[in-house]
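Trainee: I'd like to go through this one with you and ask where the labels come from. Can we take it step by step?

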Amino acid sequence: MNAFTSNALRKQEDQACGFSHDYVRIDGRRIHCITAGQGAPVLLIPGWPQTWYAWRHVMQALAAQGFQAIAVDPPGTGFSDRPDTGYDTGSIALTLHRTMLALGHERYQVAGHDVGMWVAYALASDQPQAVQSLALTEAVIPGLAPEPSIFAPPEQNIFLWHFMFNQLADLPETLIAGRERAYLEFMFNRWSLRRDRVAVDVYVDAYAAPGGLRGGFAYYRAIPETIRQNRERALRPLAMPVLAIGAEHATADAPLATLRGHADDLSGVIVPGCGHFIMEEAAEPFIAELLPFLQRTLCPWAWTLTLRAISPSWR
């Protein structure tokens, strides 16, 4: 399939799914935003090495249930601009908050996956007046989670080795340029259980684009500053409802464990039968956990009435 055919098919998919693309300028730099539906806003933040497209199934489900799903390409990724600096989670979180304000949303719910989980946590901690609830999936948070051993066993190291490699200056780009597919497929193949459901070609194209590798690695190279910030954030537990979702064959209960003691209203769940790319590998089970959480946060009184109708003994 050539690029022209791929773009034409993508436009057909956008029309069929009701996706609308827009660009918001923050300090002169473009942020790529994709929306679906009308209603209460939900900001969806993807991780590495993916783009907004990882949320496509979730967006359709939220739109069908009366939400406005807003997925973004965070700075440095996808079709957003790639600044030279500012990839610590505090800076990215502020940019995304300003993006939501520019879209007309002062209060909203947030979900983040992988590195997007790091950013979503920072956003909720730094902008608690804006974030109504927080759903986090498939990561641990630098500065909150214990640092792993460099002698981790192979079954753990497969999920850890890239943290050090991606932080190196220059070497990753030198080794990977022109071999982006081999590098990224190594992770997609080993971090997933249902590889057939993951849109690998979309993500390879995104990170093989000029500046794509640098933009993705920049989040890892900013980890020391992110850790410094998170140690300060850890002094302020999150007050909004927080849901931590892990994948059975990837992080399992690690997202919940990393947030214990850092959120006052915390719940967690493990989605069975999937790997790290949970929104694609197990879209329906993932949505079945996320959607009630968002609905409950938005209308707690309505959720209480629903429970009472289902179970008269519930109080």
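Mentor: Sure. This is a predicted model, and we can start with R30, which is partly exposed at a relative accessible area of 31%.

Trainee: What makes R30 partly exposed?

Mentor: Buried means under 20% and exposed means over 50%. R30 has 31%, which lies in between, so R30 counts as partly exposed.

Trainee: And why is D81 called partly exposed?

Mentor: D81 has 21% relative accessibility. Buried would need a value under 20%, so D81 is partly exposed.

Trainee: How do you know that R30 and D81 form a salt bridge?

Mentor: Their closest N and O atoms are 3.1 Å apart. The cut-off is within 4 Å, so the pair qualifies. R30 sits in strand 2, while D81 is in the loop between strand 4 and helix 3, so the bridge ties together parts 51 residues apart in sequence.

Trainee: What makes R181 and D201 a salt bridge?

Mentor: Here, too, the N to O distance is 3.1 Å, and the limit is within 4 Å. R181 belongs to helix 8 and D201 to helix 9, so this pair ties together parts 20 residues apart in sequence. R181 and D201 are also linked with E185 and R195 in a network of salt bridges.

Trainee: Why is D201 called partly exposed rather than exposed?

Mentor: D201 comes to 48%. Exposed takes over 50%, so D201 stays in the partly exposed class.

Trainee: How do you know that R228 and E225 form a salt bridge?

Mentor: The closest N and O atoms of R228 and E225 are 2.7 Å apart, and within 4 Å is what it takes. Both residues lie in helix 11, three residues apart, about one turn of the helix.

Trainee: What makes helix 10 largely enclosed by the rest of the structure?

Mentor: Eight of its ten residues are buried, so helix 10 earns that description. Among them are G212, F217 and Y220.

Trainee: Which residues touch the most other members of the largest nonpolar core?

Mentor: L44, W48 and M59 do, out of 97 residues in that core. Helix 4 gives the most to this core, with nine residues. As for M59, the residues it touches include F19, I34 and W52.

Trainee: What is the pLDDT over residues 301–315?

Mentor: Over residues 301–315, pLDDT stays under 50. Where pLDDT is low, the predicted coordinates should not be read in detail. For the chain, the mean pLDDT is 93, and 92% of its residues reach 70 or more.

Methods:
Residues are numbered from 1 along each chain as its sequence is written. This is a predicted model: local features need pLDDT of at least 70, side-chain atom pairs count only at pLDDT 80 or more; totals for chains, interfaces and linings use all residues. Side-chain values use heavy atoms; hydrogens and water are left out. A nonpolar core is a set of buried Ala, Val, Leu, Ile, Met, Phe, Trp, Tyr and Cys residues joined through side-chain atoms within 4.5 Å. Buried means under 20% relative accessible area, exposed over 50%, partly exposed in between (1.4 Å probe, protein chains only). Helices (H or I, at least four residues) and strands (E, at least two) are DSSP runs, numbered from the N terminus. Contact means heavy atoms within 4.5 Å. pLDDT is the predictor's confidence in each residue, from 0 to 100. A salt bridge is a side-chain nitrogen of Lys or Arg within 4 Å of a carboxyl oxygen of Asp or Glu. Lists of a residue's contacts leave out its neighbours within four places in sequence.
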